[in-house]
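Please open the model in a viewer and keep the selection tool at hand. The tour proceeds by selections, each followed by a short account of what is found there.

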Amino acid sequence: MTAKATPKAAAKGPAATSTDRLARLLALVPYVVNRDSVALGEAAAAFGVTEKQLIDDLNMLWCVELRAPDPYCPIDLSYEGGEITVAEAESIARPLRLKVDEASALLVALRMLAGIPDLDDRDALSRVIAKLEGAAGAAASVAGQVAVEVDARGGSGDPGRTGLGALRDAIARGRRVHLTYYVPARDENTERDVDPMRLLVVEGNTYLEGWCRRAEAVRLFKLDRIADLAVLDVPARVPDDAEPIDVDAGLFRPSPADEAVTLELTPRGRWVADYYPCESVEELGEGRLRVVLRTPDARWVRGLALRLGDQGRVVAPARLASEIREDAVRALARYGMA
């Protein structure tokens with residue numbers, strides 16, 4: 001790619017995680033190609049970034065080349081005069097083709113999904129598998145050598161019924177359920193009664209949404225963390241003012257009562273902003289970040305801080321930072337390094 005003439009940058013905006021930027025970079029070139037040329041400000045607004053951030057993306061794309069089908073397949077990119085244009089990008093229009101390992105992995109995953117009992121619209125899934133097998137050719141036979149067995153056991157009190165089936169039954173009949181639910185943040189199983197509202201799939205995982213009698217609030221329960229399940233002979237009573245969770249905005253739902261924790265991260269510790277939902281992300285310069293996250297239980301943050309080591313530190317609240325310092329001293333004392 002060739003880049004030309006850097007326009008005046010807009011004011012500095014909020015920091016973006018590497019996941020956000022990768023998604024933007026993957027979409028940016030096709031976005032411009034489909035429009036012949038796009039004004040810098042228009043493209044920045046479309047992607048929700050400042051002009052300066054967009055220029056940083058364009059400068060990164062300047063270093064990219066396509067290596068197939070030719071040994072060297074450059075894309076000519078220009079943003080001279082505030083207009084972004086892309087030339088020599090015919091290869092972008094070619095349909096993407098799955099490699100053998102990619103097609104095999106997709107077929108294995110689809111066949112595993114087809115093995116789940118009580119699956120809705122199994123016929124549609126079977127048609128997708130058949131089409132993919134026809135298109136994959138040799139890759140389909142490779143995938144056939146892998147067998148995945150789905151453990152669909154559930155604690156519904158009926159050995160022949162899965163946990164998913166029991167939840168569907170409870171929702172259909174308007175019955176309360178009792179869950180033994182694993183909470184990874186505290187590494188413990190909790191007992192709670194839940195009035196089911198709906199089942200939904202978010203980011204590839206299945207969740208039960210319901211009114212939790214223990215929390216007195218709407219909660220999402222990930223199905224693979226339900227250790228035991230029983231449908232109770234009690235009518236479900238979801239409060240009239242209970243609002244379904246807007247999962248389109250993501251699963252992170254901090255409560256005003258949650259504790260705000262501020263961490264400062266070195267360039268090697270930036271992965272925290274990608275891995276954990278953060279309330280804010282701020283660039284500190286030289287690759288460092290300041291992130292704020294909220295949590296109802298800070299015990300897991302203490303473990304995170306110890307794992308980070310010199311890649312980051314908790315700076316607020318001071319009480320938590322002091323507790324982490326004491327944790328580190330005790331850990332080092334075991335090695336005679338305090």
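The stops below concern a predicted model.

**First stop: strand β6 and its partners**

Select residues 205-212, which form strand β6. This strand is mostly covered, with 6 of its 8 residues buried. Add residues 188-202, strand β5, which pairs with β6 in the antiparallel sense over 8 bridges. To inspect the register of this pairing, display Pro 196, which stands opposite Gly 210 of β6.

Next add residues 217-222, strand β7, which runs antiparallel to β6 and is joined to it by 6 bridges. Here Glu 209 may be centred together with Leu 220, its bridge partner in β7.

Now move to the loop between β6 and β7, where Glu 216 is found. The hairpin of these two strands has 4 residues between them. Glu 216 is not a glycine, yet its phi is positive, at about 55°. Is its side of the chain covered or open? Glu 216 is partly exposed, with a relative accessible area of 48%.

**Second stop: a further positive phi**

Select Glu 286, in the loop between β10 (280-285) and β11. Glu 286 likewise has a positive phi, of about 60°, although it is not a glycine. At 73% relative accessibility, Glu 286 counts as exposed, the cut-off for that term being over 50%.

**Third stop: the approach to helix α10**

Select Ala 316 and Pro 317 and display the backbone. The peptide bond from Ala 316 to Pro 317 is cis, with omega near 0°. Pro 317 lies in the loop between β12 and α10.

Continue into helix α10, residues 318-334. How far apart are its end C-alpha atoms? They are 25 Å apart, which agrees with the 24 Å that 17 residues should span at 1.5 Å a residue.

Within α10, colour the buried residues Leu 320, Ala 321, Ile 324 and Asp 327. Viewed down the axis of α10, the buried residues fall within an arc of 115°, so they line one face of the helix. The general geometry of such a helix is relevant here: with 3.6 residues a turn, residues three or four places apart point the same way. On the face of α10 turned away from the buried side, select Ala 318 and Arg 325, both exposed.

To see what covers the buried residues of α10, show the elements that include β9 (259-265), α9 (299-308) and β12 (312-316). After α10 comes Gly 336, with a positive phi near 70°.

**Fourth stop: the nonpolar cores**

The largest nonpolar core has 20 residues. Select Val 261, Leu 263, Leu 265, Val 291, Val 314 and Leu 320, which touch the most other members. At least two residues of this core come from each of β9, α8 (271-275), β11 (288-295), α9 and α10. The largest share, 4 residues, is supplied by α9.

Centre the view on Leu 265 and display its surroundings. Leaving aside residues up to four places away in sequence, Leu 265 touches Arg 270, Val 272, Arg 288, Leu 289, Val 291, Leu 308, Gln 311 and Gly 312.

For the last selection, turn to another core of 18 residues, which lies apart from the largest one. Among its members are Tyr 31, Ala 43, Leu 54 and Ile 84.

Key
Residues are numbered from 1 along each chain as its sequence is written. This is a predicted model: local features need pLDDT of at least 70, side-chain atom pairs count only at pLDDT 80 or more; totals for chains, interfaces and linings use all residues. Side-chain values use heavy atoms; hydrogens and water are left out. Buried means under 20% relative accessible area, exposed over 50%, partly exposed in between (1.4 Å probe, protein chains only). Two strands pair if DSSP finds at least two bridges between them. The expected span of a helix is 1.5 Å times one less than its number of residues. The arc is that of the directions from the helix axis to the C-beta atoms. Contact means heavy atoms within 4.5 Å. A nonpolar core is a set of buried Ala, Val, Leu, Ile, Met, Phe, Trp, Tyr and Cys residues joined through side-chain atoms within 4.5 Å.
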